[in-house]
Structure formats: structure tokens, C-alpha cells
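Biologist: I would like to learn how to read charged pairs and nonpolar cores in a model. May we work through one case together?

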Amino acid sequence: MKNILLKKELTLLSTILLIACGSQNDKKLEEALVRANENRKELEKVLNYYKNDTVKLAATRFLIENMPYHFTLEQYYTSPNSKEEKYRPDITTFKNLESVKKHCDSLTNKGYKIETHINYDISRLNSHFLINNIELAFEAWKKPWAKNVSFSDFCKYILPYRAQYEEVSDLRKEFMERFLPLLDSADVKTPLEACMVLRSKIENMIRYQDTGLNLYPNINETYRSGIGTCEALCNFMILAMRSVGIPVAIDQTTWVKQDRGHCWC
């Protein structure tokens, strides 16, 4: 009799905890949706799209609940004659570092100024982009080297569509199509093995080099030019690895005596 009562009490306690936890999660989700303002409809489309898929719905909620903390650092030059004009030099059209710097100096001399804007994901990203990202992430999670990655780690280190505050990129599918055959043919079994193989490939694609552009890098720029500083290379590497199901995050440090820093995957 005591055992039966104990089981009932434990069941009741578990139910109460689940309800409380669910209420807290619902509150966090609603707070995110409120902050989305006019973009709320786009986010609700994603939630509705996965309403019959428990796992993908949970992943969707994770993304949306955390979106208020993430943003794009948009930087570009504006003309002295019109602030509406947005200009970002295409570094792939210049011969070398010196020519990019010379061009940027000429812009400054002509009165061009660098504008910086923070654009929060919660009010910008549409349902098409998010659904596409979620589908591709789950597809990558099926790979042999990712099968033991927990759902929690999947949500934190494979599912996210950005590394830091670079411009959101649509390259995830292209990276999957380019890099997955490489890992499949290498018959890798663990995330570490997959990471080593992919890193070796990417080392031949991009390299550390100052671009000469005094603007925060974006992944498409790094991909096309094949060069970038440590931050640009990290952002590129993170999207590439997550695209094929390798859980990865970014770390960084500040060298206070030099007023500089360093970051790595």
C-alpha cells in the first residue's frame, strides 16, 4: 500500500514539475514572439509547420526562444550626398590588400563614412529561411558521425544558423552538397574524425589574411575571396561544420596589453 501511494505521489510530483516547466517555456516563447513585433507571423508559421512533429517543434522553439539575443552587425559605407546609399566594396574585385586599403582611404577622403546597425534576428528572419535551416540541420544530424550527438547538443551546436553576429548566410545547403560526399567517402564515425577530415579540406580553400576592408566580415565574402582574419575564418568554419552535422562553437580571448584578441572553433 505504501509503495502504491509513493508511486502516486511521485507521478503527481512529476506531472506538476512538467506543467511548471511547460509554463515557463511557454512564457519564454511568448516573450520572444512579442519582441518579434510584425515578424511574429513569420515565426508562428514555423511553429505551425512543425506542430505535428514533436522533436522538430522542440528545436524550433529553442531557436525562437533564443533569437532575441542574436543579431547581425551590418556595416557599410554611406555617401556624403546620400545616407540612403549603402556601399560595401567587393574585395574579390581588387588585386591585393594594398589596393583594397587604398580604395577605402579614397572613400574616407571623399567624405564617405562607415555606418553600423544592429539588426535583431527575432524581427528579421522569415519562415522560409528558418524552415530550410531546420530541415537541413536535421538531415545532417542523421549522419553516422552525428548519431550520438544529444538533442541538447544538436540544438546548441548544429542547429544554429549563425556563429556570432555576421550577416546570416544561405550557404548551408551548398556546404552540405560540397562537403558531405567528402565525409561519406572517408567513412568517418565520430564528430572528431569528421572535423579533422573537413578541416584539412578547408585549409586548402581559405587562409588567414587581412582583407584590407575595415568592415565586419560576412561568410559569403570569405567564401568567395578565400581569405579572412581569425574571426572571419571561424564564422566560415562553424557554418561549414554545422552544415554536415559536426557540433562546434566559438571561443575567444582578449589580449589587453595589445588591445586585440583571438578566436577559434
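Modeller: Let us begin with one pair. This is a predicted model, and in it the side chains of E221 and R88 form a salt bridge, with an N to O distance of 3.0 Å.

Biologist: Why does the pair of E221 and R88 tie together parts that are far apart in sequence, and where does each residue lie?

Modeller: Side chains of opposite charge can pair when their charged atoms come close. Here E221 belongs to helix α9 (residues 219-225), whereas R88 sits in the loop between β1 (71-78) and α4 (97-109), so the salt bridge links parts that are 133 residues apart in sequence.

Biologist: Is E221 buried or exposed?

Modeller: E221 counts as buried, at 6% relative accessibility. Its partner R88 is partly exposed, with a relative accessible area of 25%.

Biologist: Which residues are joined into one network by salt bridges that share partners?

Modeller: D26, R61 and E65 are joined in this way. Within that network, the side chains of E65 and R61 meet at 3.8 Å, N to O. Both residues lie in helix α3 (residues 54-66), four residues apart, which is about one turn of the helix. E65 is buried, because its relative accessibility is 10% and the cut-off for buried is under 20%.

Biologist: What separates E44 and R40 along their helix?

Modeller: They are four residues apart in helix α2 (residues 40-49), so about one helical turn separates them. Their side chains meet in a salt bridge of 2.8 Å, N to O. E44 is partly exposed, with a relative accessible area of 34%, and R40 is also partly exposed, at 24% relative accessibility.

Biologist: How many salt bridges does a search of the whole structure find?

Modeller: The search finds 14 salt bridges.

Biologist: Let us turn to the nonpolar side chains. Which residues have the most contacts inside the largest nonpolar core?

Modeller: They are I64, F154, F175 and I202, in a core of 57 residues. Helix α5 (residues 127-141) supplies the largest share of this core, with nine residues.

Biologist: With which residues is F175 in contact, leaving aside its neighbours within four places in sequence?

Modeller: F175 is in contact with L180, I219, Y223, F236, L239, A240, S243 and V244. Apart from the largest core lies another core, of eight residues, which include Y77, I91, Y112 and L215.

Technical notes:
Residues numbered from 1 in each chain as written. Predicted model: local features only at pLDDT ≥ 70, side-chain atom pairs only at ≥ 80, totals over all residues. Heavy atoms only, no water. Salt bridge = Lys/Arg side-chain N within 4 Å of Asp/Glu carboxyl O. Helix = DSSP H or I, 4+ residues; strand = E, 2+ residues; numbered from the N terminus. Buried < 20%, exposed > 50% of the residue type's maximum accessible area, 1.4 Å probe, protein only. Core = buried A, V, L, I, M, F, W, Y, C linked by side-chain atoms within 4.5 Å. Contact = heavy atoms within 4.5 Å.
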